[in-house]
Structure formats: C-alpha cells, structure tokens
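Thank you all for making the time this morning. I would like to walk you through one model, beginning with its overall make-up and then turning to particular contacts, so please have a look at it first.

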Amino acid sequence: MSPESKKLFNIIILGIAFMFMFTAFQTCGNVAQTVIRSLNSTDFHGSGYTSMYIAVFIQPFPWSFYTASVFIGIAAAVLWTAQGNCLTINSDEHTIGRNSGIFWALLQSSLFFGNLYIYFAWQGKTQISESDRRTVFIALTVISLVGTVLFFLIRQPESENVLGEDESSDDQDLEVNESAQNTMAKAVDAFRKSLKLCVTREMLLLSITTAYTGLELTFFSGVYGTCIGAVNKFGTEEKSLIGLSGIFIGIGEILGGSLFGLLSKNNRFGRNPVVLLGILVHFIAFYLIFLNMPGDAPIAPVEGTDSTAYIRSSKEVAIFCSFLLGLGDSCFNTQLLSILGFLYSEDSAPAFAIFKFVQSICAAVAFFYSNYLLLHWQLLVMVIFGFFGTISFFSVEWDAAAIVARGSDYRSI
C-alpha cells in the first residue's frame, strides 16, 4: 500500500470508527430528554447535560447520570484531540480539505442509522416504556464498543509528506526515544503551548466560530428533537418524528461533508463561501423554526404543549428544518477542521484541544439555558453568535496566506 493510500485508509477507518461510536452517541443525544421526561422523576430536571453518554440509560439513576457526565467529558477531550491530530498527520495542504469532508460525512452517517430505528420502533407511541428504553440503549452500547475496537486498525503513516512534518527521520527517532523519559515534561509543555495559543489573534477569532458550533450542536442534537416531541398537534407521531428529525439532520450532514470533500480540490475561493452558505442555511432554518414551533416547546411538561405557533405547525416544515440544521452544521465543522489542520499543522493537538474545549463549554451552557429559555430567545442567541462567528472566520481565512507565509503565531511559540 502506497503512503498516500495508507493515509486515506486511516482517514476512512477514523471516520467509520467515529460513525459507530456516534451512532450511539448522537442517537442518545437526540432522544435523551424525551426518555428522561418519560421517567416522571423530578430528580432528573436539567439533565440535558447528560445526553452525551449511553449505557447509564439502560438502568438510569440520578447519581449515575452525573457521574457518567464527568467521565464522558474527560473522554471526549482526549478523543477529539486525538481525532484532530490523526486527521492532520494523515493530510497535507492539498488533502486536508478533502479528508475533513470524508471524515465528517462518515461521522455524521451515524445520525441516519440510529434514528432510523427510533423512527420505526417508536412510531405511534406517546410514552417510552422501560422495555423500549432498555432495548435501544443496550444496542447502542454494543455499537459504541464496536467503534472503539476499530481504532486499533489505524496504521502509522509514512513520515514524509505529512502536513507540517519537516523533521528528518533521525530527529523523529530521537524524539521517540526521549518521549519515554519526558512524558510529564511534554505534557506540561503542551499545556503551556495551549495557554499561549489561546491568546493568539487567530485562535481568539476562531473561538467565536467554535462557540457558535457548540451552541447549535446542543440545539440540533438535543433541544430541537425535544421541541418536536413536545408538540401535541403532531398527534401520535410526535415521538417517532424525533427519529425522523435525526435522520434528516444526518442527511444534511452527510451531503455537506461529501460535497465539500469532493469540491475542496478545485475550490479556488477558499473556505469562506462554504461558511457563508452555512450561516445562510442556518438563518433560514432558525426563521422557519421560529414560525413553525410553539415558543414554550423546549420547556413543555411531559404532557407536551398545545400552544400555537405563528403558523400552523407542520411536520414537513419541521423535518425540512432538520435537514437545514445538519447541512449548515457540516459547513462550519468541515471548514473549522480544515483551517485548524492547515494553520497549526506542526503540532495540531493543542489547537484541536482548544477547539473542543470551547465547543464543549458552549454546548454545556446551551444545555443549561435550554431548560429555562423560550424557543425564540434560544434562536436569538444562536443568530448573534452565528453572525459574529462567521465574520471572525472570514477574518482568519483572509489572513491565512499571510499567516502561512510568515509562520503562524503558534509556530513561533
């Protein structure tokens, strides 16, 4: 297998492994609040924080939700930092856009499979029984374990032609020998680099864009499905529509990742047009959701809401908005992965660690306020962050050529 084929193989395996893991993760996130409400326990109020784990739903207890949330947060930080590093070392300046698109399309295929089962299994149900809950989450736990095993198939890429890899093989061998002796020192040095990287102009600007992706991640993965499931006007289909919504979010994500991956080689205009498309698509989605969904849908009781929206609530419009949310999200995330891997190619781990840190903090904040704010206020927050996040991304992309020419601020650390 040629070096280029090996790198592409690694990207595909990385994407498939994440697809299995996130078939469990994203399906869980999409139905978590609906399942929790069906438990009829006040101990679980505010547990949108805990939609990012799986096995504890098999036999849920309050203490297990919050304990698992801590561990899943630690695991996610390690997992996504490793993902960014793997993507970078298996790419160069010509393939980083393509590989980001391939990875994102495979990852977001996870939204299709799990939610397809939810759609058919929960069709016509207004309450989720204990048997239904256990069946779903046992299956999702097994699927996530399959994804974990697949990571062992990723191979070490050839040292040459790796993005940002200028060291000779002798230097690399020396670095490997020293790593066993200086693990703690290197960990401290990486933390120091991350702190310095945080205050660079490029990372501060990209952090605004990243913050927006965290807010909209919470919205489409947890809040919007709950809104759909709370609208009593949708009749007995309201719970199965949660799964259908997840499917169409996945279709939008897959379409975006595939399209931008294929077009990246011939894109003469950089990343800005893709991000501009993403924010326009999201603004259209937010406006339609504002018109189509009752304002109290995110905070409705377990019985749902009979409130009226500005227009007659339509299942078709709700599902179309799901597609738009997924397509817009793929625009932002593929381009963020691409620009981070491009700008911080020499040592990408701190950059991706900051990316995931900011995104996760904002996702947690969004889960907190989603239990208290009416729908239109949640949409307004995302519109504001989306607008400024897009402007900040444009600024970094415009300066990218100059940054690479002089060496980025991070590379001088």
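How many helices and how many strands does the secondary structure of the protein come to? It comes to 13 helices and zero strands, and I should say at once that this is a predicted model, so please hear everything that follows as computed from that prediction. Read from the N terminus on, the order of elements is simply α-α-α-α-α-α-α-α-α-α-α-α-α. Of the 413 residues of the protein, 53% count as buried.

Let me begin with how some of the helices pack. Helices H10 and H11, which span residues 272-292 and 315-343, pack at an angle of about 155 degrees, and their axes are 8 Å apart. That angle makes H10 roughly antiparallel to H11, and the crossing in which H10 passes H11 is left-handed. Moving along to the next pair, the axes of H11 and helix H12, the latter covering residues 349-370, come within 10 Å and cross at roughly 150 degrees. H11 and H12 are therefore also described as roughly antiparallel to each other, although here the crossing is right-handed.

A further pair involves H8, which covers residues 201-230. H8 and H10 pack at an angle of about 40 degrees, with 14 Å between their axes, and H8 and H10 are therefore oblique to each other. The handedness in this case is left-handed, with H8 passing H10.

Before leaving H12, I would point to proline 350, which lies in that helix. Is proline 350 buried or exposed? Its relative accessibility is 4%, and so proline 350 counts as buried. The C-alpha atom of proline 350 is separated by 5.0 Å from that of serine 194, although the two residues are 156 apart along the chain.

Now to the charged side chains. Side chains of opposite charge can pair when their charged atoms come close. How many salt bridges does a search of the whole structure find? The search finds three, and I will take them one at a time.

One of them joins lysine 7 and glutamate 4, whose closest N and O atoms are 3.5 Å apart. Because these two residues are three positions apart in helix H1, residues 3-38, lysine 7 and glutamate 4 are separated by about one helical turn. Their surroundings can be described separately: lysine 7, at 3% relative accessibility, counts as buried, whereas glutamate 4 is partly exposed, with a relative accessible area of 36%.

Another salt bridge brings together the side chains of aspartate 399 and arginine 201, at 2.8 Å from N to O. Aspartate 399 lies in helix H13 and arginine 201 in helix H8, so this pair ties together parts that are 198 residues apart in sequence. Aspartate 399 is partly exposed, with a relative accessible area of 27%, and arginine 201 is partly exposed as well, at 41%.

The remaining salt bridge is formed by arginine 271 and glutamate 397, with the closest N and O atoms 2.9 Å apart. Here too the pair links distant parts of the chain, 126 residues apart, since arginine 271 sits in the loop between helix H9, residues 240-263, and H10, while glutamate 397 belongs to helix H13. In this pair arginine 271 is buried, with a relative accessible area of 11%, and glutamate 397, at 14% relative accessibility, also counts as buried.

Finally, let us turn to the surface. Which residues form the nonpolar patch there? They are Ile208, Ile299, Leu374, Trp377, Leu380, Ile384, Phe385, Phe387, Phe388 and Ile391, and together they have about 870 Å² of accessible area. Helix H13, residues 375-406, gives the most to this nonpolar patch, with seven residues. Isoleucine 299, by contrast, is found in the loop between helix H10 and helix H11, and at 34% relative accessibility isoleucine 299 counts as partly exposed.

To draw one thread together, helix H13 is the element I would ask you to keep in view as we discuss the model: seven residues of the nonpolar patch come from H13, aspartate 399 in H13 pairs with arginine 201 in H8, and glutamate 397, also in H13, pairs with arginine 271.

Notes:
Residues are numbered from 1 along each chain as its sequence is written. This is a predicted model: local features need pLDDT of at least 70, side-chain atom pairs count only at pLDDT 80 or more; totals for chains, interfaces and linings use all residues. Side-chain values use heavy atoms; hydrogens and water are left out. Patches are made of residues with over 30% relative accessible area and no salt bridge: like charges are joined within 9 Å, nonpolar side chains (Val, Leu, Ile, Met, Phe, Trp, Tyr) within 5 Å. Accessible areas come from the Shrake-Rupley method with a 1.4 Å probe; for residues, only the protein chains shown count as cover. A salt bridge is a side-chain nitrogen of Lys or Arg within 4 Å of a carboxyl oxygen of Asp or Glu. Helices (H or I, at least four residues) and strands (E, at least two) are DSSP runs, numbered from the N terminus. Buried means under 20% relative accessible area, exposed over 50%, partly exposed in between (1.4 Å probe, protein chains only). Axes are lines fitted to C-alpha atoms, for helices over the stretch in contact, and angles run from 0 to 180 degrees between N-to-C directions. Angles under 35 degrees count as roughly parallel, over 145 as roughly antiparallel, 65 to 115 as roughly perpendicular and the rest as oblique. A crossing is left-handed if the near helix is turned anticlockwise from the far one by less than a right angle, and right-handed if clockwise.
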